[in-house]
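This briefing introduces a structure to a reader who has not met it before. Please keep the sequence and the three-dimensional view at hand while reading.

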Amino acid sequence: MIDFDIHNDHVVFAYEPEVGGGVEWVAKELRDRGELRISKVFHFRANDLIKGVSSSDEEVGQFQFRFGVRKDGYIHIEGRILGIPNLVLISDSEVAWSRKLFIAIRDTSIFRRLAQLYSPEEEIVIGGSRPDAIPATTYQ
């Protein structure tokens, strides 16, 4: 299960592995490779981990990763977390946060598709008042 915990200054990506080797698989990927890919879309490094097997916390049912920073009316997400070169900015007030904000059917990355339309140095902006933004109502 994937969830997003939105705080005053940042967003946490919460992941609870499903039955069938989930917790062990996540721990092994982080320990052996130093990185992890979830649902073919989200890419995390071991140092993104806030809470889970590799942290000092005892609770291992849920892993929490640093996901984004809240700044200037947007959540800023490093492109590498979404497997793209572009910085992603998502309005912090207009968008409903869920898995489907990022993933289409069959674990297709929406932002990977969008990144094909932008040069690597361009920001992908969803919602807000910037003239280069994709309107939140259009995106959702």
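Strand 2 and strand 6 run antiparallel and are joined by six bridges. The model discussed here is a predicted one. The points below begin with the partners of strand 6, turn to the largest pocket and a second hairpin, and end with three individual residues.

**Strand 6 and its partners**

- Strand 2 spans residues 10–15, strand 6 spans 63–71 and strand 7 spans 74–77.
- Within the pairing of strand 2 with strand 6, His10 stands opposite Val69.
- Strand 5, residues 49–51, also runs antiparallel to strand 6, and two bridges join them. Here Leu49 stands opposite Phe65 of strand 6.
- Strand 7 pairs with strand 6 in the antiparallel sense over three bridges. His76 in strand 7 is the bridge partner of Val69, the residue that also stands opposite His10.
- A hairpin is formed by strand 6 and strand 7, with two residues between them. Asp72, in the turn, has a positive phi of about 55°.

**The largest pocket**

- The largest pocket holds about 150 Å³ of space.
- Its lining consists of 13 residues, and those nearest the centre are Phe67, Gly68, Val69, Glu78 and Ile81.
- Strand 2, strand 6 and strand 7 each contribute at least two residues to this lining. Strand 6 gives the largest share, four residues.
- By character, the lining residues comprise six nonpolar, three polar and four charged.

**The hairpin of strands 3 and 4**

- Strand 3, residues 35–38, pairs with strand 4 in the antiparallel sense over four bridges. One of the pairings links Glu35 with its bridge partner Arg45 in strand 4.
- Three residues lie between strand 3 and strand 4 in their hairpin, and Ser39 in the turn has a positive phi of about 55°.
- In a regular strand, side chains alternate between the two faces of the sheet.
- Strand 4, residues 42–45, has Phe42 and Phe44 on a covered face, whereas His43 and Arg45 are on an uncovered one.

**Phe4, a buried residue in strand 1**

- Phe4 belongs to strand 1, residues 2–6.
- Phe4 counts as buried because its relative accessible area is 8%, and the cut-off for buried is under 20%.
- Leaving aside residues up to four places away in sequence, Phe4 touches Val11, Val12, Phe13, Phe42, Phe67, Trp97, Ser98, Arg99 and Phe102. Among these contacts, Phe42 lies on the covered face of strand 4, and Phe67 is one of the residues nearest the centre of the largest pocket.
- Phe4 and Gln116 are 112 residues apart along the chain, and their C-alpha atoms are separated by 25 Å.

**Ser109 and Arg113, toward opposite ends of accessibility**

- Ser109 is located in strand 10, residues 108–109. Ser109 is classed as buried because its relative accessibility is 3%.
- The side chain of Ser109 reaches the backbone nitrogen of Arg112 at 3.0 Å.
- Not counting residues up to four places away in sequence, Ser109 touches Val41, Leu82 and Phe102. Phe102 is also among the residues that Phe4 touches.
- Arg113 is part of helix 2, residues 110–115. Arg113 is exposed because its relative accessible area is 54%, and the cut-off for exposed is over 50%.
- From C-alpha to C-alpha, Arg113 and Val23 are 30 Å apart in space, with their positions 90 residues apart in sequence.

Technical notes. Residues are numbered from 1 along each chain as its sequence is written. This is a predicted model: local features need pLDDT of at least 70, side-chain atom pairs count only at pLDDT 80 or more; totals for chains, interfaces and linings use all residues. Side-chain values use heavy atoms; hydrogens and water are left out. Buried means under 20% relative accessible area, exposed over 50%, partly exposed in between (1.4 Å probe, protein chains only). Two strands pair if DSSP finds at least two bridges between them. A polar contact is a pair of N or O atoms within 3.5 Å; within protein, one must be able to donate a hydrogen and the other to accept it, and residues adjacent in sequence count only if both atoms are side-chain atoms. Contact means heavy atoms within 4.5 Å. On a 1 Å grid over the protein atoms alone, a cavity is a set of points where a 1.4 Å probe fits but cannot get out, and a pocket is an open set with protein on both sides within 12 Å along at least five of seven lines; lining residues have an atom within 4 Å of a point. Grid points are joined across faces, edges and corners, and a volume is the space filled by probe spheres set on the points. Ala, Val, Leu, Ile, Met, Phe, Trp, Tyr, Cys and Pro count as nonpolar, Asp, Glu, Lys and Arg as charged, and the others, Gly among them, as polar.
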